[in-house]
Amino acid sequence: MCRFDDVLGATAADRLLEEACHALMAEVRERDAGVEVTVPPTWRCVDQTARFPSLAAAVARLLPTVTTMLGVAVVDPRVSFGFTMHNELPSGVRRQEPPVRDSAGPGDPCRITFVYHLHRRPRGFTGGQTRIYDSTVREGHPAVAESFRDVQPDHDSLVFFPADAWHQVRPVASPSAKLLDSRFAFHGRLDTAPR
């Protein structure tokens with residue numbers, strides 16, 4: 001994996017967080033039309049790439065360094081990402097999401113996964129690390145190893161890792177249950193363009 005801090009700069013990152021929260025709340029209101037809007041414990045806004053060109057440009061700018069550091073070739077890369085929010089209500093118990101991979105295997109165009117973390121400062125939650133597992137082989141098939149690395153969800157930080165690495169978001173505790181005290185991230189992928 002490789003990580004970059006202060007990717008957009010504090011002012012631009014804060015503005016991006018504000019715009020992304022507006023987009024998230026618009027989706028929540030649309031879903032819950034006519035009902036009092038409450039902050040869900042988790043939410044995913046799919047494909048937000050066109051809405052946030054500054055993040056797409058930052059990812060593209062870092063791509064040569066990332067592919068060299070990870071040793072993963074990406075031919076004619078395509079960047080795509082969605083926006084996620086995790087906010088565990090104080091009395092709730094969040095089920096731990098199982099580890100997932102963003103690549104289905106050798107023929108899958110997804111080559112690199114990235115997570116761009118955002119949050120209000122000071123941070124209003126605990127937990128929320130992006131856990132990236134090592135891989136092993138069990139019975140001749142790739143599997144999740146016992147070893148892993150936790151990446152802290154620091155504001156304006158961006159982590160890249162191979163798309164076939166298992167990963168998960170660790171549980172989040174947000175005592176206030178307010179939207180702005182949530183863990184936010186853009187979860188994306190770099191695909192090789194089809195030939």
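Helices here (H or I, at least four residues) and strands (E, at least two) are DSSP runs, numbered from the N terminus. With that in hand, hi everyone, let's walk through this one.

A quick word on the ground rules. This is a predicted model, so local features need pLDDT of at least 70 and side-chain atom pairs count only at pLDDT 80 or more, while totals for chains, interfaces and linings use all residues. Residues are numbered from 1 along each chain as its sequence is written, and side-chain values use heavy atoms, with hydrogens and water left out.

Okay, the overall layout. The protein chain has 2 helices and 11 strands. Starting at the N terminus, the order is β-α-β-α-β-β-β-β-β-β-β-β-β. The C-alpha atoms fit a box of roughly 50 × 35 × 30 Å along the principal axes. For 195 residues, a compact globule would come out with a radius of gyration near 16 Å, and the chain's 17 Å agrees with that. That radius is taken over C-alpha atoms, and the globule rule is 2.2 Å times the number of residues to the power 0.38.

Next, contacts, meaning heavy atoms within 4.5 Å. Take those between residues at least 6 apart in sequence: 84% of them join residues at least 24 apart. As for burial, 48% of the 195 residues count as buried. Buried is under 20% relative accessible area, exposed is over 50%, and partly exposed is in between (1.4 Å probe, protein chains only).

So what's inside? A nonpolar core is a set of buried Ala, Val, Leu, Ile, Met, Phe, Trp, Tyr and Cys residues joined through side-chain atoms within 4.5 Å. The largest one has 37 residues, and Leu-24, Tyr-116, Phe-160 and Phe-186 touch the most other members. Elements giving two or more residues to this core include both α1 (10–31) and α2 (53–70), along with strands such as β4 (110–118), β8 (157–162) and β11 (183–192). Have a look at Phe-160: beyond four places in sequence, its contacts include Met-1, Phe-4, Val-59, Leu-62, Ile-112 and Leu-190. There's another core lying apart from the largest, with 7 residues, among them Val-115, Val-151, Val-159 and Phe-161.

Now my favourite spot, Asp-102, in the loop between β3 and β4. Which side chain of opposite charge is nearest to Asp-102? That's Arg-189, 6.1 Å away, and Asp-102 is buried yet has no salt bridge. For the bookkeeping, Lys and Arg count as positive and Asp and Glu as negative, and His and the chain ends are not counted. A salt bridge is a side-chain nitrogen of Lys or Arg within 4 Å of a carboxyl oxygen of Asp or Glu.

What Asp-102 does have is polar contacts: its side chain meets that of Thr-113 at 2.7 Å and that of His-187 at 3.0 Å. A polar contact is a pair of N or O atoms within 3.5 Å; within protein, one must be able to donate a hydrogen and the other to accept it, and residues adjacent in sequence count only if both atoms are side-chain atoms. Further along, Arg-131 sits in strand β6 and is buried, at 12% relative accessible area. Its side chain makes a polar contact of 2.7 Å with that of Asp-150.

On to the salt bridges, 7 in the structure. Arg-3 pairs with Asp-5 at 2.9 Å, N to O, and with Asp-154 at 2.7 Å. That second pair links distant parts of the chain, with Arg-3 in strand β1 and Asp-154 in the loop between β7 and β8, 151 residues apart. Then Arg-121 bridges to Asp-14, with the closest N and O atoms 2.5 Å apart. Arg-121 is in the loop between β4 and β5 and Asp-14 in helix α1, so this pair ties together parts 107 residues apart in sequence. Also, Arg-3, Asp-5, Arg-123 and Asp-154 form one network through shared partners.

Last, some backbone oddities. Most residues other than glycine have a negative phi, and most peptide bonds are trans. Here, the bond from Arg-121 to Pro-122 is cis, with omega near 0 degrees. Asp-76, in the loop between α2 and β3, has a positive phi near 45 degrees. Glu-139 has a positive phi too, near 50 degrees, and is exposed at 79% relative accessible area.
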